[in-house]
Amino acid sequence: MRASSKERQARYRERRRAGRRVIMLEVDEVELAVMLERFHFLNPLEEDNDAAVQRALGKMIRVLGRGLAGDA
């Protein structure tokens with residue numbers, strides 16, 4: 001079931017207030033899974049689970065960002 005335009009707008013505003021955004025990113029799914037597994041962000045048993053891959057990628061980006069911020 002698709003969300004109504006009102007619901008999508010509410011989620012958009014909530015993300016903006018929280019300083020987050022959704023971006024479209026095209027990647028090779030095998031390369032992404034291998035990288036996330038290699039750096040221990042993704043359980044190999046979940047490589048076909050889109051939500052798990054999305055969470056793992058988000059976590060990797062947050063960890064990388066914190067690491068870079070610590071070097072500044």
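**A walk around helix α2**

Let's start in a loop: H40 sits between α2 and α3, the latter spanning residues 50-71. Helices here are DSSP runs of H or I with at least four residues, numbered from the N terminus. Keep in mind that this is a predicted model, where local features need pLDDT of at least 70, side-chain atom pairs count only at pLDDT 80 or more, and totals for chains, interfaces and linings use all residues. Residues are numbered from 1 along each chain as its sequence is written, and side-chain values use heavy atoms, with hydrogens and water left out.

What is the sign of phi at H40? It is positive, about 65°, although H40 is not a glycine. Most residues other than glycine have a negative phi. H40 is also exposed, with a relative accessible area of 70%. Exposed means over 50% relative accessible area, buried means under 20%, and partly exposed is in between, using a 1.4 Å probe and protein chains only.

Now step back to α2 itself, residues 29-38, where L32, A33 and L36 are buried. Look down the axis of α2 and its buried residues fall within an arc of 95°, so they line one face of the helix. That arc is taken from the directions from the helix axis to the C-beta atoms. The face turned away from the buried side of α2 carries the exposed residues V30, E31 and R38. At the N-terminal end of α2, D28 acts as a cap: one of its side-chain oxygens lies 3.0 Å from the backbone nitrogen of V30.

Where do the buried residues of α2 end up? L32, A33 and L36 join L42, A52, V53, A56 and M60 in the largest nonpolar core, eight residues in all. Such a core is a set of buried Ala, Val, Leu, Ile, Met, Phe, Trp, Tyr and Cys residues joined through side-chain atoms within 4.5 Å. The elements that give two or more residues to this core are α2 and α3, and α3 gives the most, with four. In soluble globular proteins, nonpolar side chains tend to be buried together.

On the other side of α2 in sequence, V27 lies in the loop between α1 (5-17) and α2. V27 counts as partly exposed, at 45% relative accessibility.

One last stop is R15, found in helix α1 and partly exposed at 23% relative accessibility. R15 and the core residue L42 are 27 residues apart in sequence and 25 Å apart in space, C-alpha to C-alpha.

How values were computed
Polar contact = N/O pair within 3.5 Å; in protein donor to acceptor, adjacent residues only side chain to side chain.
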